[in-house]
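Biologist: I am new to this structure and would like a close look at a single part of it. Please take one helix and go through it with care, then turn to the charged pairs.

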Amino acid sequence: SLKRIAAQQLLASGRFAAGARLTVELLATVSCQYPDTRTKLRFAYAWTRSKLMVRGLGFSKRTSPLPAFLSEQLQTLALFRELHGHDLLGAAWLQARFLLTALDAGDESALLEALSWECFHLSMQRGRRHDKRAQQVLALARRIAESVGTPYARAKYQSALAVQLLFSKGQYRDAIEAARNAESLLEAHCPGHTWERTWLTSLRYMSLEFAGDLGELLRGVPRTARDAADRDDRFTLGLLLQSLPLVHLMQDDPQSAQAFINSQALKLDDGFSTLHFLLMTRSTDVLLYEGRGVEALALVHQHWGRLTRDLLFSSRVSRAMAHLVRARAALMAYRETGDSGSLASVLQDSQALRELGPGFAGYGPAIDAQLALLQGDRTLARRRFEEALRRFSREQSEHAAAYVRYRLGELLQDPAGRGMLQETKESLERQGVVNVERFIRIFLPV
């Protein structure tokens, strides 16, 4: 229907309030009442997930056309995709309903869409149970993609694979390849699909923060931002909170980074969404780049309560990013003031990061090393930096390993250490980092 297309376009372009209101109206027409309070929404989400777990993923492939009402219901529930940027919990609930409906309908195209996002939600969670189910979902998505056989179906499978590699496995180089494969399929064979390409590009950009050539961000992100601005695509510009401020910091331009953040903040409501979280983390990065640790820690504390109450905090990657940004701000704040109160949460953050897996576990000992340096224990600091380097080197976390080598080189102050410093500096400069010391300060403030 035209109303559904309008809701999809409003959400996809970042006009979330109007899009969400229209989505609620449309859902009511297909017997899906959107809960009117957050408490009811949490209950609906838990109940629907329970039904899905009990039902399982078995289905009978449909060989006849979908009845009109069922087709309309699936197309309306599919608005969950665009809702993610505005309301993660609401999107997760609708996605689970969409998956249940697609399984009962036996429609492979709808199922592939649902399974792709099921992989996302499972990969965002922590624990072996979720990992195991994500593997099962991914295997089923692959079989359906092979059965459907279209470029779009193959792109949806590659998208699901990129999500799992990034969010669950921490295999960042592999995630870049999967996202790039999906982008290429859509570009070559599936004109339109701007929203899906935006999502894949954001996955690739996020992965590039951990591995690969940072210069790819420098080359690609500004172009993506210009294209989004030309079509007034607020959603894409919002997602670029993840990458564009970092590109400005690579160029030693914190003023432009903060200006972009401020421009996006004006478009957000008073709630707390993925975009609010990105706003907090990147604003903190700018403050750390500028050496303003006390302000950075105050900013994190300002948002911490709302963050930890949100579904987003159950995600492995989001929780790790949150603990990491708080620890980094606290370390710099302590270095500025000597106030031990700044360090109240650092050990908790360090322990949480050790438990949160690839891409982040190495930051646990790296934080401990910085804390040891602040307390004057250079021997312990060296041991912890070396432990962090071993962890990162075993993973596809080459950028974090480079930042640790730089700090370890500073600490050693011998020919080997000076070699580490020079090698890291030259490598980051080749990738487009103008001020290496200030850039590394974002990730390892001490």
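**A close look at helix 22**

Modeller: In helix 22, the buried residues are His 399, Ala 400, Ala 401, Ala 402, Tyr 403, Val 404, Tyr 406, Arg 407, Leu 408, Gly 409, Leu 411 and Leu 412. The model is a predicted one, and in it 12 of the 15 residues of helix 22 are buried, so this helix is largely enclosed by the rest of the structure. The cover over those buried residues includes helix 11 (194-208), helix 12 (214-230), helix 20 (363-374), helix 21 (378-394), helix 23 (415-430) and helix 24. The length of helix 22 can be checked as well: at 1.5 Å a residue, its 15 residues should span 21 Å, and because its end C-alpha atoms are 21 Å apart, the two values agree. Just after helix 22 comes Gln 413, which takes a positive phi of about 55 degrees.

One of the buried residues, Arg 407, carries a charged side chain that has a partner: it meets the side chain of Glu 437 in a salt bridge, at 3.2 Å from N to O. Arg 407 lies in helix 22 (residues 398-412) and Glu 437 in helix 24 (residues 436-443), so the pair ties together parts that are 30 residues apart in sequence. The two ends of this bridge sit in unlike surroundings, for Arg 407 is buried, with a relative accessible area of 3%, whereas Glu 437 is partly exposed, with a relative accessible area of 28%.

To set this pair in context, a search of the whole structure finds 35 salt bridges. Another of them joins the side chains of Lys 156 and Glu 113, at 3.0 Å from N to O; this pair links distant parts of the chain, with Lys 156 in helix 9 (residues 151-169) and Glu 113 in helix 7 (residues 108-124), 43 residues apart. Lys 156 counts as buried at 8% relative accessibility, and Glu 113 is buried too, with a relative accessible area of 8%.

A further bridge stays within one helix: Asp 285 pairs with Arg 282, their closest N and O atoms being 2.5 Å apart, and both residues lie in helix 16 (residues 274-289), three residues apart, about one turn of the helix. Here Asp 285 is buried, with a relative accessible area of 3%, and Arg 282 is buried at 6%.

How values were computed:
Residues are numbered from 1 along each chain as its sequence is written. This is a predicted model: local features need pLDDT of at least 70, side-chain atom pairs count only at pLDDT 80 or more; totals for chains, interfaces and linings use all residues. Side-chain values use heavy atoms; hydrogens and water are left out. A salt bridge is a side-chain nitrogen of Lys or Arg within 4 Å of a carboxyl oxygen of Asp or Glu. Helices (H or I, at least four residues) and strands (E, at least two) are DSSP runs, numbered from the N terminus. Buried means under 20% relative accessible area, exposed over 50%, partly exposed in between (1.4 Å probe, protein chains only). The expected span of a helix is 1.5 Å times one less than its number of residues. Contact means heavy atoms within 4.5 Å.
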